[in-house]
Structures are given as C-alpha cells and as structure tokens.
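Below are my notes on the model you sent. They are set out as numbered points, to be read next to the coordinates.

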Amino acid sequence: MTAPISSAIVRSRRWALAWLAGVCAPALAHDFKAGALVIDHPYATPTPPGARTGAVYFRTLKNTGREADRLLGARTPAAASVEIHRSTMDGDVMRMRQIDALALPAGAEIKVRHGGELHLMLVDLKAPLKEGERFPIWLRFERAGEREVMVWVQQPRDGGAVPA
C-alpha cells in the first residue's frame, strides 16, 4: 500500500514543480514583443557617480516577420535623450557615431551587446545607473510602433555575455 502513496506524492510534486515553472517563468523572462519584433533582455551597465552618459544594450533584437522594420529612436525618464550609436574602427581608433535608425531586416537577429558595435546612448543621465535597478525605455519602430520595455542595470560577465 505504500507504493501507491509514494507514487501519488511523486506525481503531486511533479505537478507542483511544473505549475511553479509555468507561473515563475514569465516573471523571470526578460523579453518583450512589438508586432513581429522580439526585444530580448534589455540591459544597461552601471555608471560611476557623476557620469553624464550611459548605454542600453539587448541580448538580441529579432525580427520574426516577413517585412523589414527599423528602430527609429527611444526615450526614457532616466536621461534627457537617447541616441542610436554605431562604433567602428578607423585605423587604430574606435569611433562612435550617432545613426538615424537601426535596420531590422525580415528574419534577422541583431546583437546589441556590451562591447559590440551597436548601443543606445543615454545622454545627460538624471542619476547614476546602479546595479540591480530597473528603468523603463520606450522604443519607437517604423512598423511595430512604440513599445515600453524594462531595462535592468547589471554588470555583464564579460564583453559580450549577458547574465541570464
């Protein structure tokens, strides 16, 4: 008679774990959708006291649709303005330039990571970005419209890796 009880307890625990995973997964997930776009893991790196600029990154910006889109701009209460920047090497010098828009071709997955070529520059920060904080940013896309996402302030493990 003990075996059926043990089996029932095991099934009950499995069900409870599956339920917890289903309930907790959305809370732990850090991606957002805007139409056919998936905005995966928006994050910013901490800034030192007195810093006037910061940066926002994404694990990826993915266009799952059949039509191209473009990131046209962004706004946040954390800074006076937000600029889309691309970094390129000019000989031995890294140059950072503001660009008008970030193209998101149909089916493309663009990495916008710390230490990479693309980022959103936060200009005239209202306060330093501190590890563990979160703040909203509104991304404006040509086709998908505007989408608010939450940015987590965190220190990446290395140049391009982002903690899960």
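**Notes on the model**

1. T45 is placed in the loop between β2 and β3. The model is a predicted one. Is T45 buried or exposed? With a relative accessible area of 11%, T45 falls under the 20% limit, so the residue counts as buried although its place is in a loop. Beyond four places in sequence, the contacts of T45 are A55, Y57, H114, L129, V153, Q154 and P156.

2. Confidence should be checked before anything else is read from the coordinates. The average pLDDT of the protein chain is 85, and 78% of the residues reach at least 70. Residues 16–28 have a pLDDT below 50, and this stretch makes two contacts beyond near neighbours in sequence. Residues 159–164 also have a pLDDT below 50, but that stretch makes 18 contacts beyond near neighbours in the model. Where pLDDT is low, predicted coordinates should not be read in detail. I would apply that caution to the 18 contacts of residues 159–164.

3. On the overall fold, the protein chain consists of one helix and 11 strands. Starting at the N terminus, the order of elements is α-β-β-β-β-β-β-β-β-β-β-β. Taking contacts between residues at least 6 apart in sequence, 66% of them connect residues at least 24 apart.

4. On burial and surface, 37% of the 164 residues in the protein chain count as buried. The exposed area of the chain is about 9700 Å², with 54% of that supplied by carbon and sulfur atoms.

5. Which residues touch the most other members of the largest nonpolar core? They are I39, V56, L120, L122, F135, I137 and L139, out of 32 residues in that core. V56 has contacts outside its neighbours within four places in sequence with Y43, A44, H119, L120, L122, F135, I137 and V151. In soluble globular proteins, nonpolar side chains tend to be buried together.

6. There is one aromatic pair in the structure. Y43 and Y57 make up this pair, with 5.4 Å between centres and 35° between planes, and the arrangement is tilted. The angle lies between the limits of 30 degrees for stacked and 60 for edge-to-face, which is why the pair is classed as tilted. Y43 belongs to strand β2 (residues 37–44) and Y57 to strand β3 (residues 53–63), with the two positions 14 residues apart in sequence numbering. Both partners are buried: Y43 has a relative accessible area of 0%, and Y57 has one of 9%. Y57 is also among the contacts of T45 from point 1.

7. Two arginines have their charged ends over tryptophan rings. The charged end of R75 sits over the ring of W138, at 4.5 Å from the ring centre. For R134 the ring is that of W152, and the charged end sits 4.0 Å from its centre.

8. H85 is part of strand β5 (residues 79–90). Its relative accessibility is 7%, so H85 counts as buried. How far apart are the C-alpha atoms of H85 and L118? The separation is 5.8 Å, while H85 and L118 are 33 residues apart along the chain. Leaving out neighbours within four places in sequence, H85 is in contact with M96, R97, Q98, E117, L118, H119 and M121. H119, one of these contacts of H85, is also a contact of V56.

Notes:
Residues numbered from 1 in each chain as written. Predicted model: local features only at pLDDT ≥ 70, side-chain atom pairs only at ≥ 80, totals over all residues. Heavy atoms only, no water. Core = buried A, V, L, I, M, F, W, Y, C linked by side-chain atoms within 4.5 Å. Buried < 20%, exposed > 50% of the residue type's maximum accessible area, 1.4 Å probe, protein only. Contact = heavy atoms within 4.5 Å. pLDDT = per-residue confidence, 0-100. Phe/Tyr/Trp six-rings, centres within 6.5 Å; stacked < 30°, edge-to-face > 60°. Helix = DSSP H or I, 4+ residues; strand = E, 2+ residues; numbered from the N terminus. Lys NZ or Arg CZ within 6 Å of the ring centre and 35° of its normal. Areas by Shrake-Rupley, 256 points an atom, 1.4 Å probe, with all protein chains shown as cover.
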